[in-house]
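Reader: I'd like to go through this one term by term. Can you walk me through what each label rests on?

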Amino acid sequence: MTGPDARHAKRRVVFALILVAVLATLFGTLSRLSQLDEKAMISDAIQLQSPFSPVIPVIPVYQRIATTTANRMDANKTGMAFGMLIVTAFLMQLGCRQRRRSADGGSNPVLANIISARAVSLLGATIVVLGSVGGVAVNSDRSSQSPRALDILWGLEQLILPAAAEAAEISSDRPIRITSRLFAPRSPGYETVFQRVEASTRGIDKPLELSMKDMWPPFWEGRSLSTGDIDHDGDLDLVIASTERGVYIYKNDGAGRFSRLPYKSGPLADLDVFNAALVDIDNDGWLDLFLATYLDGNFVVLNRQGTFVTEKLQRVANRDDAILSISLSFADFDRDGDLDVALGNWAAGWYRRIPGEESRNRLIFNENGTLDGSHFAELPGLPGETLVMLFSDIDLNGTADLLVGNDFELPDYIYLGDGQGGFSAVTRADNLIPHTTTTTMAIKTADLHNDGMPEIFFAQIAGRSSLVSERLKMQALSKYCDAIEDTAAKALCLRNMAIKSWYKSGNRFDPVYAAKCQELKGALQAECKAMLVKDLAIQKQDPTICALIPADQRTTRAFCDIHFKPWERPQQADFDTTIRQILRTNVLLTWQGGAYTDTASAEGLEIGGWSWDTKIADFDNDGWQDVYIVNGTWVPNEVSPSNLFFRNRGDGTFTEASGPFGLEDYLMTASAVAFDMDHDGDLDIITQPVNGPVALFLNGSQTGNAIEVELRDAKGNSHGLGARLVAELPDGTRMMRELQSGGGFMSFDAPAAHFGLGDAGEIARLTVHWADGGVTEITSPLAAGASYRITRD
């Protein structure tokens, strides 16, 4: 080839080579690297289509094929286009070279005609048409899939649109929306199911707070724990009550690590706070704090967009002579759309045992978000040393009933609610309940048998802190502080145990105690002297001795004065109308069609030690709810009992398994909370020992599926307290959960329903019985492995 044709061919070769180089460079920098994430997102590991397919409308096969094709074209379109252009350019220059070889007598004249001008034009037009069609399809697919992809990638809530809800066959008294959030990967497994660590290792740095002035009830019975989402970030935060600084507030980072939130303490710092409950009082959707203090009354601290207005406390009036509302429970018992509260008033306990009217319990009505105590009703019956209150719909008629547990001889009460704020006591003559416990410390209602019916569990001093029952696990007091790792906490623990070894509080006053006081230093010595004066007054039954307690020992002076408050011994006729009580064993009331029967002994739940707070939940996600009882007392003794964990075997019996589950703890503990702090689908536990650092039990379960459901209600109370959720599994098993606040001892769990499913991969049907009587039924499956939020508009 010579002349103009040769020059023209050379220019074509040079142009083709330049085009190949430019396209290759652009492909490497703009195509391959930028598409890796997108390709990964549409791979089998993470699908753009929602993993919650049982809730999303079923997509026809032809649409799924078309959409998937478009997705893959979208992810690869740049690479395919570059590749086609590179091949085209390469063949163009190869064709040019072959023409030259053919003209010079080369051996391949056919290839010289492979790429003609018309072929190049047709190929280019095809690329343009296909690219346009693909672009339209991809753009349409992106509009529907991108928000869901972002939700999956970033762990945000996934909105199930109204159209989807309609396709999911949801029936409801009001419109609802459903959102969902995938669980995080499971926590690593441990040698036992739970691993105990000191909570400070996860940022919960509340110090041990126990001194000699605290070695008297109620101070030796601990402080409350409460969980809830304070800042609306989707993670459960923690509040711990304190008689030293008011409250400790901890923010959860979502992975189960906490940081303490600062706040303007104001008057809060001067209050002895025993209960700090997270509940939405003004019904604005943000969890407020309800505080119960020793001697200074009750207060509400409002939450404003995630910040507590601690410098401005709102008083909630109680009885003028009330000492402490040691027990609280919240529900919309008059069904007007906001949360009311039951105050379980407590006075002295211990040697006094029978209180006066200062311990009469009170109901406080919330009026349109204002809970100031001006609208109240006092509960009928004998006033007792109330340790537990619980609102629960035990008869499943849609209204909140009230269960009241009193310590010592005063009877427990069960009141049936009428849904309008009225309550009537169940009496002995009703033959509904055979008996309750005598030293009642916790009451819980829960579906233990997977039949949709609630059992009622009463925990008391059962088996005692001695070797009465082999099921109890004991440790010598000399080893009490051995396992504490924090050096400051261990030193304080040892100091307190040294005092406990000689100081026998109450009417066991010994004159040698005075010499022991002299050995103490500073504030501790002043506390010791005041406590001994109080003990001497009680032993001599002489209230005038109380006046010898210095004015700066306000709490100890109150101990002394309260002991001598007037009271009246109940008459036998008063007891004859109330429900019988028994000693030494716990009580489990199981419904038998016309009345309850006590099945605690038959099921293996009769022994609990010196029981305090009780948690009932499915801790191993095997589909059956278990029972965890925290244990111990500061009352003079020689041993310290362990907490007890009763695993539900699924056959109507329980077996004590605190050792294999890693839930043994010999620190005296009164309160606990159970919640999924790292959102991995299993429940972790935090406890607050009396003379030890806050403890954390990390759940490392590696088996069993689960679902968590929480509610939001624009018609009733915002977090759905009092609602009952009934889940049906594909095999017909029915599980019931009720959203409660209260019932244990000084503990308030976040309002979330946790369903362990065992091997089941979904809930086939979920029915929500809202607190106001409305019903929502979701008849399409809910897939395991996620938390769901049901919002009623």
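**Labels and cut-offs**

Author: Let's start with strand β16 (residues 340–346): seven of its seven residues are buried, so the strand is largely enclosed by the rest of the structure. Before going on, this is a predicted model, where local features need pLDDT of at least 70, side-chain atom pairs count only at pLDDT 80 or more, and totals for chains, interfaces and linings use all residues. Residues are numbered from 1 along each chain as its sequence is written, and side-chain values use heavy atoms, with hydrogens and water left out.

Reader: What makes a residue "buried", and which way do the residues of β16 point?

Author: Buried means under 20% relative accessible area, exposed means over 50%, and partly exposed is in between (1.4 Å probe, protein chains only). Asp340, Ala342, Gly344 and Trp346 point one way from β16, while Val341, Leu343 and Asn345 point the other way, and all are buried. Over the chain of 793 residues, 56% count as buried.

Reader: What makes β16 a strand, and what counts as pairing?

Author: Strands are DSSP runs of E with at least two residues, helices are runs of H or I with at least four, and both are numbered from the N terminus. Two strands pair if DSSP finds at least two bridges between them. β16 pairs with strand β15 (residues 324–331) in the antiparallel sense over seven bridges, and with strand β17 (residues 362–364), also antiparallel, over three bridges. For example, Ser329 has Ala342 of β16 as its bridge partner, and Leu343 stands opposite Arg362 in β17.

Reader: Why are β8 and β42 called edge strands?

Author: They belong to an open sheet of five strands with mixed pairing, in the order β8-β7-β6-β5-β42. β8 (258–260) and β42 (747–748) each have a single partner strand, so one side of each is left without a neighbour in the sheet. As for β42, two bridges join it to β5 in parallel, with Ser226 opposite Phe748.

Reader: How do you know that the length of helix α7 fits?

Author: The expected span is 1.5 Å times one less than the number of residues. With 19 residues, α7 (residues 522–540) should span 27 Å, and its end C-alpha atoms are 28 Å apart, which agrees. Its buried residues, including Leu524, Met531 and Ile538, pack against α5 (487–502), α6 (512–519) and α8 (554–563). Just after α7 comes Gln541, with a positive phi near 55 degrees.

Reader: Why is Lys206 with Glu209 called a salt bridge?

Author: The label needs a side-chain nitrogen of Lys or Arg within 4 Å of a carboxyl oxygen of Asp or Glu. Lys206 and Glu209 come in at 3.8 Å, N to O, and are a salt bridge. Lys206 counts as buried at 8% relative accessibility, and Glu209 does too at 13%. Glu358 and Arg352 also form one, at 2.8 Å for the closest N and O atoms, and both residues are buried. The structure holds 34 salt bridges, and a network of them links Asp173, Asp713, Lys715, Asp772 and Arg792.

Reader: What is Asp214 in contact with, and where is its place?

Author: Asp214 sits in the loop between β4 (194–198) and β5 (225–228). Contact means heavy atoms within 4.5 Å. Leaving aside neighbours within four places in sequence, Asp214 is in contact with Glu209, Phe219, Trp220 and Arg223. Asp214 counts as buried at 0% relative accessibility.

Reader: And why is one aromatic pair tilted and another edge-to-face?

Author: Rings of Phe, Tyr and Trp (its six-membered ring) pair if their centres lie within 6.5 Å; planes under 30 degrees apart count as stacked, over 60 as edge-to-face and the rest as tilted. The whole structure has 27 aromatic pairs. Trp216 and Phe559 are 6.3 Å apart, centre to centre, with 40 degrees between the planes, and count as tilted. This pair links distant parts of the chain, 343 residues apart: Trp216 is in the loop between β4 and β5, and Phe559 is in helix α8. Phe330 and Phe748 have centres 6.5 Å apart and planes at 65 degrees, so that pair is edge-to-face. Phe330 lies in β15 and Phe748 in β42, so the pair ties together parts 418 residues apart in sequence.
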